[in-house]
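Subject: Structure handover

Hi,

Here is the structure we talked about. Please open it alongside this message; my notes follow below.

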Amino acid sequence: MSEPARPSDTGPASDTGPAPGTGPAPDPVSGTGPVSGTGAASGTGYASGAGIGDAPDAEADCVVAGGGPGGMMLAYLLARGGARVTLLESHGDFNRRFRGDTLAPGVLDYLHTLGLAEEMLAELPHATADTFRWHVGDRVYTLVDYRRASDRHPYYALIPQARFLPYLAGRAAAYPGFRLLMRARVSELLRDEAGRVTGVRHTGPGGPREVRARLVVAADGRNSKLRTLGGFTARELGASLDILWFAVPRLPGDPALSGLQLFSVPGATLAVLDQDTQWQLGYNIPAGSFGAMRERGTAPIVEAFTGQLPWLRERLAALTDVNQLSLLPVRITDVDSWYRPGILLIGDAAHVISPVGGNGINFAIADAAEAANRLLPVLLDPSSSPELLDAACRRVEEVRRPPVDREQRMQVRIERGARARLESRSAGLPLFFRLIDRFPALAVRSGRRSVAAIGMPSPGPEILREPVTGRTP
């Protein structure tokens, strides 16, 4: 699922923390904790170079702004490949609620190739979903079946970003070229006389600092500040739906659901996601109708969910105020270009993917994987020209834009139909979806196609080779 708009626009970091192993470990759920010296972090903790309070202006091969899934994955891959990378995250932790956390089978297979998947799934509490189901009255329709989408990981893994991001940061910290600065908020792009981006200026508790780099990567989300600073133009393709999110505890006796569930009721669609220790609940409404929903209060939402999930009645009684809800405006956005000389956009900064299908996080990770493959050969060659780096960025867009465009066109069609059903108060499914359920082979085909549509590449040789220094994953 895509995230409610808590922009990760980026700015300076925390003070230097204790050396690895000498201070309190970061919280494995929230990702909070000290930013420690360079070195490996255990468990789901993370580490980095000097904190911003003591860090002088720095140089790097690449600076990545935004420590979400795309930015974190790219920073990990570049550091693993031997590049010097500084990752700037504007917040003090990785505690992102109601954000994309559904890792697709192809992404899990990619992590397996990196030697991470089995360890991650063993260490981090998570749920799995091997089908996508839609409930209409007493009928349950299986619309997508992932059980043949991968031989190794035939399911989506639902891992909250508050666990996934610190885990990945901890693995990145094993490589000496990785540097993570928390609470580092970008305020300006640095440029040379020709206008080429040559780094960033960021501010925070330690005051203003600069990082000069051969390339800046904007991975700072749907409200990307770097996209604006870089002079890119975003265009909204669709704005048909909004989602109201909230969570309730998940108890041991709760029914086993597939992990990805939709329920239709007149005038609303309900989403239910298994989050291991809680249920993440979403209530779809037509875009722009939150004001009317605020006037009605929470009663219609509670009534809709208890009608479908009566076993949640007592827990839903705690939802009494609309201010307890997190509003996610569902937008589908593209950008005129993903790169300018010296700067590349990835993830939501380059394209906002709707929560339809829960694949925003997977497209961002695929962007990062493709970018690492293209950028590493250039970044590792100190004699390579800026023109070669621009060509690598151009190739990233050439490869990644077509699958993103296809996904977005499909989402625009689906969301327009969904809005029409909400406004007509129809609880029924379109004929096409009913046919998929009637013929299970179609659901299997849909699962394979939706996973393949992400376009996850294989890791390049620079990423897979034995690291010269650092811990082997």
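One definition before the notes: two strands pair if DSSP finds at least two bridges between them. With that in mind, in the pairing of strand 5 and strand 6, Phe132 has Val144 in strand 6 as its bridge partner. Please note that this is a predicted model.

**Overview**

The chain has 13 helices and 19 strands. Of its 473 residues, 59% are buried. Take the contacts with a separation of 6 or more: residues 24 or more positions apart account for 76% of them. The exposed area is about 17,900 Å², with 52% of it supplied by carbon and sulfur atoms.

**The eight-stranded sheet**

Eight strands make an open sheet with mixed pairing. Their order is 6-5-13-14-15-12-16-19. Strand 6 and strand 19 (351-352) are the edges, each pairing on one side only.

Start at the strand 6 end. Strand 5 and strand 6 run antiparallel and are joined by six bridges. Their hairpin has two residues between the strands, and Gly137 there takes a positive phi near 60 degrees. Strand 5 also pairs with strand 13, in the parallel sense, over four bridges. In that pairing, Trp134 stands opposite Leu262. Next, strand 13 (residues 260-265) and strand 14 (residues 268-274) pair in the antiparallel sense over six bridges. Val265 has Ala268 as its bridge partner in strand 14.

Two helices to look at here. Helix 7 (residues 299-308) packs on the sheet and touches strand 12 (234-249), strand 13, strand 14 and strand 15 (278-286). The direction of helix 7 makes about 120 degrees with that of strand 15. Helix 11 also packs on the sheet, touching strand 5 and strand 6. The direction of helix 11 makes about 80 degrees with that of strand 6.

**Helix 11**

Which residues of helix 11 (residues 431-438) are buried? They are Phe433, Ile436 and Asp437. Seen down the helix axis, these buried residues fall within an arc of 95 degrees, so they line one face of helix 11. Leu431, Phe432 and Arg438 are exposed on the other side. The cover over the buried residues includes strand 5 (131-136), strand 6 (139-145) and helix 12 (440-452).

**The three-stranded sheet**

Three strands form an open antiparallel sheet, in the order 3-7-4. The edge strands are strand 3 (102-103) and strand 4 (127-129), and each pairs on one side only. Strand 3 pairs with strand 7 (residues 156-158) in the antiparallel sense, over two bridges. Thr102 stands opposite Leu158 in strand 7.

**Nonpolar cores**

The largest nonpolar core has 114 residues. Those with the most contacts inside it are Met73, Leu103, Leu111, Met120 and Phe164. Helix 9 (residues 360-379) supplies the largest share of this core, 12 residues.

What does Met120 touch, not counting residues up to four places away in sequence? Its contacts are Leu103, Leu108, Leu111, Ile159, Phe164 and Tyr167.

Apart from the largest core lies another, of 24 residues. Among them are Leu244, Val272, Ile285 and Leu325.

Best wishes

Definitions and conventions: Residues numbered from 1 in each chain as written. Predicted model: local features only at pLDDT ≥ 70, side-chain atom pairs only at ≥ 80, totals over all residues. Heavy atoms only, no water. Buried < 20%, exposed > 50% of the residue type's maximum accessible area, 1.4 Å probe, protein only. Contact = heavy atoms within 4.5 Å. Areas by Shrake-Rupley, 256 points an atom, 1.4 Å probe, with all protein chains shown as cover. Arc of directions from axis to C-beta. Axes fitted to C-alpha atoms, helices over the stretch in contact; angles between N-to-C directions. Core = buried A, V, L, I, M, F, W, Y, C linked by side-chain atoms within 4.5 Å.
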